[in-house]
Amino acid sequence: MTGEIGAAGDLAMGMMLAHAVEPHDDAHGGGAGGICLNCGTRRAGEFCHICGQSSHVHRSFGAIGHELAHGVFHFEGKIWRTLPMLLFRPGELTRRYIHGERARFVSPLALFLFIIFVLFAMLSVIGAHLEMPEMGSPEARKARIEMEAAIARNGEQLARLSQQRAATRDPAQIKALDGRIAENRRETKMVETTMETLGVPGFEGLGQIHTGWKRLDKGLGKAAENPNLILYKLQSNAYKFAWVLIPFSLPFMWLMFPFSRRFTFYDHAIFVTYSLCFVSLFGIALSMAGLFAISPGLLVFVAMILIPVHMYKQLRGAYGIGRFGALVRTLLMFVCANMALVFFGALLVGLGLVG
């Protein structure tokens, strides 16, 4: 219940944040003319031409609910014009927005914030989370299970020996018990050291990576020991910092069109943000499909096809390039997108946000 309440709060926050960054071009009513209550300018219409404030200012208790509903459901008809184009004509949407057609569509940042919060609120409600598949040979998994059992037995034995030592007064018996306790601790330490070296089957190498950033190295060591825990924490916290993916991706996009005077970093930022919107929408679709017990392998296969196809269509439409150029850049961009995700995850781990 608490998780559902928190998810609902996150969802509402995402909607309000999206509303905050979305251009305010909607009307609340009111007549033309009069003095603007915000800046004192004489208006010529329903909105002040200096500060943009509406002529209609609510001053009732019911207006609080109106403002909340307006903030949450602000997208109105814009969302129904934006989403179909994002799905089927992403290049045209990106190009039209860059060239100044803003009032008809939801801004990419507002849409991205909204979708991200919807995605993670949905994941929280349905309790879905990512898990790493069991990897490694059967012998390695068996060895790890046996070592975990040995540590548990040693712990039980150590507790019994400690109780015996506390109950005895015989110096000779105390000395013998101290020797057995020390031996027990040495054996336990040896097994724990072996397990740290072994790590989780398939992830042993993470613990051996040394980047020079102590917090990141520590986080990688924890990931080697329990990758599913790190994945769970990543999923729980990544949405708060998902916007970082936009600046992370911009250098890669610049490399697609190096030294080009036709396209600026602003163009690339709009492209990246709308592209991330599509990937996030696909994440929502995957979450819903998971409720129907569809094979995760099938979903990943579909994603590996649809996401590059969407990138290709968006590149061609947004930048007006040929098929061959779009294909080459799609392949490069798909690789770069995965690199940006790796850097993003490393940043979260290194900052201790998921450790």
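A salt bridge is taken here as a side-chain nitrogen of Lys or Arg within 4 Å of a carboxyl oxygen of Asp or Glu. I note at the outset that the model is a predicted one.

**Entry 1: the chain as a whole**

I began with the secondary structure and found 13 helices and zero strands in the protein chain. Read from the N terminus, the order of elements is α-α-α-α-α-α-α-α-α-α-α-α-α. I then looked up burial: the protein chain has 355 residues, of which 37% count as buried. For the accessible surface I recorded about 20,600 Å², with 65% of that area belonging to carbon and sulfur atoms. I also looked at contacts between residues at least 6 apart in sequence, and 68% of these join residues at least 24 apart.

**Entry 2: the search for salt bridges**

How many salt bridges does a search of the whole structure find? I recorded six. Side chains of opposite charge can pair when their charged atoms come close. I took up several of the pairs in turn.

**Entry 3: Glu 101 and its partners**

I looked first at Glu 101, which forms a salt bridge with Arg 96; the closest N and O atoms of this pair are 2.5 Å apart. The side chain of Glu 101 also meets that of Arg 104 in a salt bridge, at 3.4 Å from N to O. This pair qualifies because the cut-off is 4 Å.

Is Glu 101 buried or exposed? I found it partly exposed, at 27% relative accessibility. The class follows because partly exposed covers the range between under 20% and over 50%. Arg 104 is partly exposed as well, with a relative accessible area of 39%.

**Entry 4: Arg 165 and Asp 178**

I turned next to Arg 165, which forms a salt bridge with Asp 178, the closest N and O atoms lying 2.4 Å apart. Where do the two residues lie? Arg 165 is in helix 6 (residues 138-167) and Asp 178 is in helix 7 (residues 171-198), so the pair ties together parts that are 13 residues apart in sequence. I looked up the accessibility of both partners: Arg 165 is partly exposed at 34%, and Asp 178 is partly exposed at 31%.

**Entry 5: a shared network**

Lastly, I asked which residues are joined into one network by salt bridges that share partners. I recorded Arg 89, Glu 92, Arg 96, Glu 101 and Arg 104.

Methods:
Residues numbered from 1 in each chain as written. Predicted model: local features only at pLDDT ≥ 70, side-chain atom pairs only at ≥ 80, totals over all residues. Heavy atoms only, no water. Buried < 20%, exposed > 50% of the residue type's maximum accessible area, 1.4 Å probe, protein only. Helix = DSSP H or I, 4+ residues; strand = E, 2+ residues; numbered from the N terminus. Contact = heavy atoms within 4.5 Å. Areas by Shrake-Rupley, 256 points an atom, 1.4 Å probe, with all protein chains shown as cover.
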